[in-house]
Structure formats: C-alpha cells, structure tokens
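Here's a quick tour of a fold, written for someone who likes to know the cut-offs. Have the coordinates open and follow along.

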Amino acid sequence: MSPALSNSQARDAEALLHPYANAIALRTNGVQVIERGEGIRVYDDKGRSYIEGLSGLWCAGLGFGNAELVETARLQMEKLPYYHLFSGKSHEVAVELAEKLKAIAPGRMARVFYQSSGSEANETQVKMAWYYNNALGRREKKKIISRVKAYHGTTIVSASLTGLPYNHLDFDLPVDRIRHTSTPHFWKGAQEGETEAAYTARLAAEFEELVLAEGPDTVAAFIAEPIMGAGGVLVPPAGYFPAMMEVCRKYDILMISDEVICGFGRTGQWFGAQTFDYEPTSISMAKQLTGSFLPLSAVAINETMAEVIETHSGQIGTFGHGFTYGGHPVGCAVGIKTLEIYERMNVTARVRSLAPAFAAHLDRLAGHPLVGEARHTGLVGALELAPAKSPKGFANVGKVGPRLAQELTDRGVIVRAVADSIAFCPPMIITPDEIDELFAPVEAALDATELWARAEGHLG
C-alpha cells in the first residue's frame, strides 16, 4: 500500500472493489472521499467543495441536501418502512406514483412495473418483450436491436444492449439475440458533403437493412436513449427518431425509450421522447425519478402491451418476474415528493430557460483549439476533444479526456470523461450565476490539458 494514502483511502483499498475503475491504479493513487453535499456542491474529506457538474451520475436533479425529500423518507419509514408488490399485495404510495407517471409519460402508458435501478428496468424491458411475443405466439420474434455506443446498464442482458466494448470485455458478452445498429453522431459519422437529412435517412436505411437481414419475424424491439449519455452525450440529428420509428411501425417492432438519463425534465420536456418527437411503446425510468435520494426505477408499458401481458398471465397463471425491493414504499414516497417538487418549480420551463446560457458556454468553448465539437440539449451537454478539430479523434483514445476531467477536479468542478468527451449534466436547481461558475475554470483547464497533450505527443 502506498504510504501517501490517507487512512480513509487505505481502508477503501482493502474493503471495496469499485465500478468502472482500475483497481490497481486506485491502490496507488487512492480514491476521492466525498463526505457531504449541499445544493449543487459536494465536499470531500479535506473540506474542499466541488460543483457537481454531472449530478453525481446524471441523477441528482435536485442537488444535495433537499430537506423535503429527507423528511418524506423519514415519515414513510415510520409508517411503512417496507412492503412488497408480490402475489396480490400493494400499498398506496406505489399506486399513487404509478398514476403520476402515467399522467406525464408520452405514448398512452397503461401500467407501471418497479425495480431498483436502470439496469433492472432494461432487463425487465427485454423480458417483457419476450413474454409479449410469446403471448402472441411469435416465439421467434425475440431479437433486440440497440446501437453502437449505447448505454443501457450492466446486468447480463442490459450490458449486452450496451454498445460499449468495456462493458463486454472478458464478461462473455453480448449474449445472443442482441444486435447493434449505427451510432447517430453526425459530426463523426457523416460522409463528406452529406447533409444532416441525408445522414438521418442513411441511418434509418441501415436500421431497416439490419431488420431485413435478421428477418423481421425475429426482431422484437428497438431500444434507444433519446440522448446517448455514457456514449458521449450524443444528440441525434434532426428527424432521426421519426425516421427510426417509421421502420419500427413497418415491421411491428416495439420501441423502448430508455429515459434513465433524459427523463424528468433534463431535456426541457418531461421525457426525451417528447423533445425528439416520437411515441414509445414502453419507457425505462430511474435516476431523477427520486432525485437520486433513493434507488428506484420504473418501466411503463402502453395499453396494447399491458392487455396482452395481463391476459397471458391469466392464461398461464402468473407473470413470473419481480424484485424484492421493486416498488419499495420509501422509494415510492420520495418519488411522489420529487415529482411534486419538479411540478412546483416548473422544471421543464426552468430547464428551457437555463438552456441558452448553458449552451452558450459550450459553444464558446468549442472555439478552443483542443475542442472538436460541442453538443447540448436542455441541461446536458459535452465537449469532445480532438487533435486539429478532426472527427477522427486521438490515436490513443481515452487519455486526453480523463486528463481534462482531472484538471477540472483540481479546479473545483467534477465532471465525467467519456473517452475524449467531457460530459456536463448539472443539477436542475442550478442558477444562471452557478452556470457561469461551473464553466469558469474550463478554459484554463483546456489550456493546461493542451500543453500536457502536446508534451505527451497526443497532438502530433
């Protein structure tokens, strides 16, 4: 163990295996220990404050230390700290939250099913698609089409849906029945002279070609994030989702909208599907559903799916799927209160009003020599770093982005490097002055990163 590690860091190294981390590097360099949070800031064990520029993991939409959510959890713990929804049992807060979700969701949603995480929600989506098609006697219609660079979770099937190599490497993934179509990233993917409309048409044609190659009678669903989060905050080109939905309708393919990051106001509408003009068959929700104060996720299914699934459960005797903590009453109570706060603060209008200032900072920084592209919608965005602003990116991927993230941490702003893109997704309670504060150190951090990248040979 390195003698430079603090007591907390040393204990951490001996006790924990961290997700998405190099365990050997952590034993040498140590973890950053966060002790408390307030508003848009968190504080480490040395007392230093940081603006949480990614809302934790895209999830702390109301920031940290919201007293109403704490009190709501306390009161529910006193009344009913736990109960389940198995075998005909229920409780009021699970019903009330489901009613509220149905009221705001696009796509004529009819039923809600609860889990604890986004990964579990997307695992549920796949099982429901399979169950639904079996109920209709379509036992070969089981393949799920996702996208390269998509992120849908880390359980076995949800990690297979994820289109990122590090989620598959040495986990023996992806499993069968999962396919991936192209990433909708115009800056990187467009051919020379290709317009955005032509690019969108080409992606939809590629999707249709994949469906035809696999056989339409074998393809059950298409799953997509409105904005691809862990793929680098990739905003789809104009008309992308309507074009993809046309293919889904043509071949009777379910459309699963993974709203785990985009849901609950992040894009300026309740759901990203509304921002990008499509009507999903089903929706995955998590993260900002409870402001991240408690783990809770939900899957909403439309009227057609609900009728088929419920009828089939009656025929075979059960719907044999569920989770011990799915619909946990404390999580549901906090979810209800979170939606109440969002409605009170008029979260969608608030995000739309803040979005121009947020976008202006990103667009200004796009002029920096190290930045290839700025992307943004609502209060989520990214800067993609590139040598000479080339869409080809760095030869050694994933070195320069993390360096910039560390430079920003050193300057009091926590963000996330996604390969060589830097993602920004601040709590939706952020003020205009705090947006300025969030971006204030970025140019200096870019300058320092550029000097480092040149010295290390990343810029040629």
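What follows goes from overall dimensions to the two sheets and then to the helix pairs.

## Ground rules

This is a predicted model, where local features need pLDDT of at least 70 and side-chain atom pairs count only at pLDDT 80 or more, while totals for chains, interfaces and linings use all residues. Residues are numbered from 1 along each chain as its sequence is written, and side-chain values use heavy atoms, with hydrogens and water left out.

## Overall size

The protein's secondary structure adds up to 17 helices and 15 strands. Those are DSSP runs numbered from the N terminus (helices: H or I, at least four residues; strands: E, at least two). The C-alpha trace spans about 65 × 60 × 45 Å along its principal axes.

Is that in line with a compact globule? For 460 residues, such a globule would have a radius of gyration near 23 Å, and the protein's 22 Å agrees. Here the radius is taken over C-alpha atoms, and the globule rule is 2.2 Å times the number of residues to the power 0.38.

## The seven-stranded sheet

One open sheet has seven strands in the order S4-S10-S9-S8-S7-S5-S6, with mixed pairing. Two strands pair if DSSP finds at least two bridges between them. The edges are S4 (109–115) and S6 (178–181); each has a single partner strand, so one side of each has no neighbour in the sheet. On average, neighbouring strands of this sheet are turned by 20 degrees against each other, direction ignored.

Strands S7 (residues 219–224) and S8 (residues 254–258) run parallel and are joined by four bridges. Ala221 stands opposite Leu254 in S8. Helix H10 (residues 240–250) lies across S5 (143–147), S6, S7 and S8, at about 170 degrees to S7. Axes are lines fitted to C-alpha atoms (for helices, over the stretch in contact), and angles run from 0 to 180 degrees between N-to-C directions.

## The four-stranded sheet

The order in this open sheet of four strands is S1-S2-S3-S13, again with mixed pairing. S1 (34–38) and S13 (413–414) are the edge strands, each with a single partner, so one side of each is left without a neighbour in the sheet.

S1 and S2 pair in the antiparallel sense over four bridges, and Gly37 has Val42 in S2 as its bridge partner. Their hairpin has two residues between the strands, and Gly39 takes a positive phi near 65 degrees there. At the other end of the order, S3 (residues 49–52) and S13 pair in the parallel sense over two bridges, with Ile414 in S13 as the bridge partner of Glu52. Helix H16 (residues 432–439) lies across S2 (41–44), S3 and S13, running at about 110 degrees to S3.

## Helix pairs: H9 with H10, H14 with H16

Two packed helices are described by the angle between their axes and the distance between the axes.

The axes of H9 (residues 196–214) and H10 come within 9 Å and cross at roughly 25 degrees, which makes H9 roughly parallel to H10. The cut-offs: under 35 degrees is roughly parallel, over 145 roughly antiparallel, 65 to 115 roughly perpendicular, and the rest oblique. H9 passes H10 in a right-handed crossing (the near helix is turned clockwise from the far one by less than a right angle; anticlockwise would be left-handed). Among the residues in contact (heavy atoms within 4.5 Å) are Leu203 and Phe207 in H9 and Met244 and Val247 in H10. The contact residues split into eight nonpolar, one polar and two charged. Ala, Val, Leu, Ile, Met, Phe, Trp, Tyr, Cys and Pro count as nonpolar, Asp, Glu, Lys and Arg as charged, and the others, Gly among them, as polar.

For H14 (residues 347–365) and H16, the axes come within 10 Å and cross at roughly 20 degrees, so these helices are roughly parallel as well. H14 passes H16 in a right-handed crossing. The residues that meet include Phe358 and His361 in H14 and Ile435 and Phe439 in H16. This contact divides into eight nonpolar, one polar and two charged residues.

## An oblique pair: H15 and H17

What is the packing angle of H15 (residues 400–410) and H17 (residues 442–455)? About 135 degrees, with the axes 9 Å apart, and the two helices are therefore oblique to each other. Their crossing is right-handed. Leu404 and Leu408 are among the H15 residues in the contact, and Trp452 is one of those in H17. Nine nonpolar, one polar and two charged residues make up the contact.
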